[in-house]
Amino acid sequence: MSWDIVLFNPKVKLKSLSEVNIDLLKPTDFFTPILDNYKDDYFQDEDHILIKSDLYSIEFFLEDEPIENTILMLQGEKALFNLIPIAKENGWQIFDTSLEQFIDLDNPSNNGYNNFQEYLKTVLKG
């Protein structure tokens, strides 16, 4: 099962999605820093990127110019935990769409994958 996250590069730290305003976001090349961290460990089909290992995968679509946000599809807890240092290094924030909240990059286990699994259980019982 996969879930989606959204990357933002805000001018100020955002506490909730209701604070997101295009004027508070910096157009950013999200893809070069991510791909630099994975070097040859990804597959590209035109603008579609798949980073894959036995434990996780990360998928997204490239953009030709800097953008205010981008969505990534994740599978496996390690996918999120591998993106956190990249986000911290670049001043990005990660919004978890399944939890509808920003990930605490200093304490990602407080939200992230475990909460997603609990959310998924409630949806599947449904």
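**Entry 1: a starting pair**

I began with one bridge: Ile58 has Leu74 of strand 5 as its bridge partner. Before going on, I noted that this is a predicted model, in which local features need pLDDT of at least 70, side-chain atom pairs count only at pLDDT 80 or more, and totals for chains, interfaces and linings use all residues. Residues are numbered from 1 along each chain as its sequence is written, and side-chain values use heavy atoms, with hydrogens and water left out.

**Entry 2: the outline**

I listed the elements of the protein chain and found 3 helices and 7 strands. Helices (H or I, at least four residues) and strands (E, at least two) are DSSP runs, numbered from the N terminus. From the N terminus on, I read the order β-α-β-β-β-β-α-β-β-α.

I then looked up burial. The protein chain has 126 residues, and 38% of them count as buried. Buried means under 20% relative accessible area, exposed over 50%, and partly exposed in between (1.4 Å probe, protein chains only). The chain exposes about 7600 Å², with 46% of that supplied by carbon and sulfur atoms. Accessible areas come from the Shrake-Rupley method with a 1.4 Å probe; for residues, only the protein chains shown count as cover.

Next came contacts (heavy atoms within 4.5 Å). I took those between residues at least 6 apart in sequence; 50% of them join residues at least 24 apart.

**Entry 3: the sheet**

In what order do the strands of the sheet lie? I found an open sheet of 7 strands in the order 2-3-4-5-1-6-7, with antiparallel pairing. Two strands pair if DSSP finds at least two bridges between them. Strand 2 and strand 7 (101-102) are the edge strands, each pairing on one side only.

I went through some pairings. Strand 3 and strand 4 are antiparallel and share 5 bridges. His48 has Phe61 of strand 4 as its bridge partner. Strand 4 (residues 57-61) joins strand 5 through 3 bridges, again antiparallel. Strand 1 (residues 3-8) joins strand 5 through 6 bridges, and these two run antiparallel. There I noted Leu7, whose bridge partner in strand 5 is Thr70.

**Entry 4: the two faces of strand 5**

Which side chains of strand 5 (residues 69-75) are buried? Thr70, Leu72 and Leu74 are; they point to one face. Asn69, Ile71, Met73 and Gln75 point to the other face and are not buried. In a regular strand the side chains alternate between the two faces of the sheet.

**Entry 5: helices on the sheet**

I looked at helix 1 (residues 31-38). Its buried residues are Phe31, Pro33, Ile34, Leu35 and Tyr38. They pack against strand 1, strand 2 (42-45), strand 3 (48-52), strand 4, strand 5 and helix 2 (77-90). After helix 1 comes Lys39, with a positive phi near 40 degrees.

Helix 2 lies across strand 1, strand 4, strand 5 and strand 6 (93-96). Helix 2 runs at about 150 degrees to strand 5. For such angles, axes are lines fitted to C-alpha atoms, for helices over the stretch in contact, and angles run from 0 to 180 degrees between N-to-C directions.

**Entry 6: the cores**

A nonpolar core is a set of buried Ala, Val, Leu, Ile, Met, Phe, Trp, Tyr and Cys residues joined through side-chain atoms within 4.5 Å. The largest one has 26 residues. Those with the most contacts inside it are Ile34, Ile51, Ile58, Phe60, Leu72, Leu74 and Ile94. Helix 2 gives the most to this core, with 6 residues. Apart from it I found another core, of 6 residues, including Val6, Phe8, Leu14 and Phe95.

**Entry 7: aromatic rings**

I counted 4 aromatic pairs. Rings of Phe, Tyr and Trp (its six-membered ring) pair if their centres lie within 6.5 Å; planes under 30 degrees apart count as stacked, over 60 as edge-to-face and the rest as tilted. Phe95 and Phe102 are an edge-to-face pair, 5.2 Å centre to centre with 75 degrees between the planes. Phe95 is buried at 6% relative accessible area, and Phe102 is buried at 10%. Phe8, Phe95 and Phe102 form one aromatic cluster.

**Entry 8: positive phi in loops**

Most residues other than glycine have a negative phi. Glu46 has a positive phi, near 55 degrees, and is found in the loop between strand 2 and strand 3. Glu46 counts as exposed, at 70% relative accessibility. Glu100 also has a positive phi, near 55 degrees. Glu100 is found in the loop between strand 6 and strand 7 and counts as exposed, at 64%.
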